[in-house]
Amino acid sequence: MADKVYPRESDDEQQATIPATPTPIPPPSPEKSLPVPSPSPPSAGTYVIQIPKDQIYRVPPPDNALRYKHLSKPKSRRTRLCCCCRCFFLSLFVLLLLLAVSATVFYFVFRPESPSYTVDNLSVKSFNLTSSTVSPSLDFTLSAHNPNNKIGIYYLKPSSVKHYYKDLNLCNGFLPQFFQPSNNVTVFKTALTASALELTTSVRNELIAAEKSGTVPFRVDVRAPVKFKVGSVNTWSINVKVRCDVTVDKLTAQSKILSKKCDYSVDIW
């Protein structure tokens, strides 16, 4: 029996019949990782700095380090004293500035003027120089002129009128209490008296010689507290002082004034 011969397949056909086996892909080596692309560098002059929030208040920037150090250290007693002095002088300056402004406004609104005084009469009723003990009595008349248009003057108590020969007080009196309106001239008369006044021999001889020569110098000092009425507002009390130098020709009731001069001043407090 003849052997059955099968034809032999070619190499190409044999390869086509062999099923294809997938080739496994080896896993990447752990030592080699994929490269991560680096970020692009920032542009020139631009920086981004991240600082924890709790360090913002504790660590100042380098530019403010000196200022932070200066403000954080405690102030000395001398520094506090200097601050108090500056505050005091600043407050004083502001107060003086306000007073200056108020005074300027007051002057331009009311135009205040000082009152004037003059002696109208000084008659000697009793002055007997035949004895060293005298009891002089005089009538003194004074005119007060208020030239202000919007300011009145209150003359208050206690007031005084003192009559002197040199430094010797001869007799005394006082002014009446009254109100003087604006643009007014008030004439008031007061009696000056004294009792049992002892004169030294030298003073008595000087008065006799002055009367014979026809020039007897006297001085009259007037002092009175006053208040000024500005509109409906009254000021505080101010002491007015008037000094009048008067010369008469003789020591009688018919004496005439030869010369007179009055000066005016005030004590604000």
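This tour moves from the whole chain to its main nonpolar core and then to helix α4.

Begin with the entire model, which is predicted. Its secondary structure comprises four helices and 13 strands. Of the 269 residues, 25% are buried. The accessible surface amounts to about 20200 Å², with 60% of that area belonging to carbon and sulfur atoms. Among contacts between residues at least 6 apart in sequence, 66% join residues at least 24 apart.

Next, select Phe140, Leu142, Leu170, Leu199, Leu207, Phe218 and Val222. These residues have the most contacts inside the largest nonpolar core, a group of 42 residues. Then colour strand β10, residues 216–230, which gives the most to this core, with eight residues.

Centre the view on Leu199. Beyond its neighbours within four places in sequence, Leu199 is in contact with Leu129, Ser132, Val134, Leu168, Leu170, Arg204 and Leu207.

From Leu207, proceed to helix α4, residues 201–213. Its end C-alpha atoms lie 18 Å apart, in agreement with the 18 Å that 13 residues should span at 1.5 Å a residue. Which residues of α4 are buried? They are Val203, Leu207 and Ala210. These residues cover an arc of only 65 degrees around the axis, and therefore sit on the same side of α4. Show β5 (160–165), β6 (168–173) and β10 as well, since these strands are included in what covers the buried residues of α4. Rotate to the other side of the helix, where Thr201, Lys212 and Ser213 are exposed.

Finish at Gly214, just after α4, which takes a positive phi of about 85 degrees.

Key. Residues numbered from 1 in each chain as written. Predicted model: local features only at pLDDT ≥ 70, side-chain atom pairs only at ≥ 80, totals over all residues. Heavy atoms only, no water. Core = buried A, V, L, I, M, F, W, Y, C linked by side-chain atoms within 4.5 Å. Buried < 20%, exposed > 50% of the residue type's maximum accessible area, 1.4 Å probe, protein only. Helix = DSSP H or I, 4+ residues; strand = E, 2+ residues; numbered from the N terminus. Contact = heavy atoms within 4.5 Å. Areas by Shrake-Rupley, 256 points an atom, 1.4 Å probe, with all protein chains shown as cover. Expected span 1.5 Å × (residues − 1). Arc of directions from axis to C-beta.
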